[in-house]
Each structure stands twice: as structure tokens, then as C-alpha cells.
Amino acid sequence: MYEQKREKKESTRIEMEALNQAKTEEREKSEARRKSVREKMFKKTHAGQPVMKYRIEHILETIEKSAKN
């Protein structure tokens with residue numbers, strides 16, 4: 001009986017660790033994605049103007065996502 005409880009606790013612990021690991025990986029991916037978008041959005045030309053290429057791409061992606069839904 002003790003071993004059954006112990007095995008059950010162990011299996012739930014392993015499941016929780018797997019869930020936490022998946023959440024952590026997803027969070028890291030989203031942070032990296034946000035960081036790259038942020039870097040692109042704040043790029044400047046030599047004259048100090050924003051580089052519009054990246055901003056237009058971002059707007060286009062947003063429109064395409066909303067059109068699919």
C-alpha cells in the first residue's frame with residue numbers, strides 16, 4: 001500500500017515537472033520572438049528615422065493572422 005502511494009506521488013511529480021518544463025520552453029520561445037520583433041521595430045537609419053520595412057512586415061503579418069481567423 002505504501003509503495004502504491006509512493007508510486008502515485010512519483011508519477012504525479014513527474015507529470016508536473018513535464019508540464020512545468022513545457023511551460024518554461026514556451027515562455028522562452030515567446031520571449032525570444034518578442035525580443036527579435038522589438039529589435040527590428042526599433043532599428044533606425046543613419047539619419048535616425050525608423051526602418052519602415054520591418055514595421056510594414058509586422059503590420060502585414062498581423063493583418064494576415066486576423067484574416068485567417
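Arg-13 forms a salt bridge with Glu-10, and their closest N and O atoms are 2.4 Å apart. By salt bridge I mean a side-chain nitrogen of Lys or Arg within 4 Å of a carboxyl oxygen of Asp or Glu. Before I continue, the status of the coordinates: this is a predicted model, in which local features need pLDDT of at least 70 and side-chain atom pairs count only at pLDDT 80 or more, while totals for chains, interfaces and linings use all residues. Residues are numbered from 1 along each chain as its sequence is written, and side-chain values use heavy atoms, with hydrogens and water left out.

Let me return to the pair. Arg-13 and Glu-10 are three residues apart in helix H1, so about one helical turn separates them. Helices here are DSSP runs of H or I with at least four residues, strands are runs of E with at least two, and both are numbered from the N terminus.

Which residue is the other partner of Arg-13 in a salt bridge? The partner is Glu-17, again with 2.4 Å between the closest N and O atoms. Arg-13 and Glu-17 both belong to helix H1, where they stand four residues apart, about one turn of the helix. Glu-10, Arg-13 and Glu-17 are thereby linked in a network of salt bridges, and the structure holds two such bridges.

Are these three side chains buried, exposed or in between? Buried means under 20% relative accessible area, exposed means over 50%, and partly exposed lies in between, with a 1.4 Å probe and protein chains only. Arg-13 is partly exposed at 40%. Glu-10, at 36%, is partly exposed, and Glu-17 is partly exposed at 43%.

I turn now to a group of like charges. Glu-25, Glu-26, Glu-28 and Glu-31 gather in a patch of negative charge on the surface. Patches are made of residues with over 30% relative accessible area and no salt bridge; like charges are joined within 9 Å, and nonpolar side chains (Val, Leu, Ile, Met, Phe, Trp, Tyr) within 5 Å. One member of the patch, Glu-25, lies in helix H1, which covers residues 2-41. Glu-25 has a relative accessible area of 39% and is therefore partly exposed.

For the charges overall, the protein has 19 positive and 13 negative side chains, and the centres of the two sets lie 7 Å apart. Lys and Arg count as positive and Asp and Glu as negative, whereas His and the chain ends are not counted. Each charge is placed at NZ of Lys, CZ of Arg, CG of Asp or CD of Glu.

Next, the overall form. The secondary structure comes to two helices and zero strands. The radius of gyration is 22 Å, well over the 11 Å that the globule rule gives for 69 residues, so the protein is more spread out than a compact globule. That radius is taken over C-alpha atoms, and the globule rule is 2.2 Å times the number of residues to the power 0.38. Along its principal axes, the C-alpha trace spans about 75 × 30 × 5 Å.

How much of the protein counts as buried? Of its 69 residues, 3% do. The exposed area is about 6900 Å², of which carbon and sulfur atoms supply 55%; such areas come from the Shrake-Rupley method with a 1.4 Å probe, and for residues only the protein chains shown count as cover.

Finally, some C-alpha separations. Gln-4, located in helix H1, is exposed at 59% relative accessible area. Gln-4 and Thr-24 are 20 residues apart along the chain, and their C-alpha atoms are separated by 30 Å. Ala-22 is also placed in helix H1, and its C-alpha lies 30 Å from that of Leu-60, 38 residues away along the chain. Ile-14, partly exposed at 45%, is 55 residues from Asn-69 in sequence and 36 Å from it in space, C-alpha to C-alpha.
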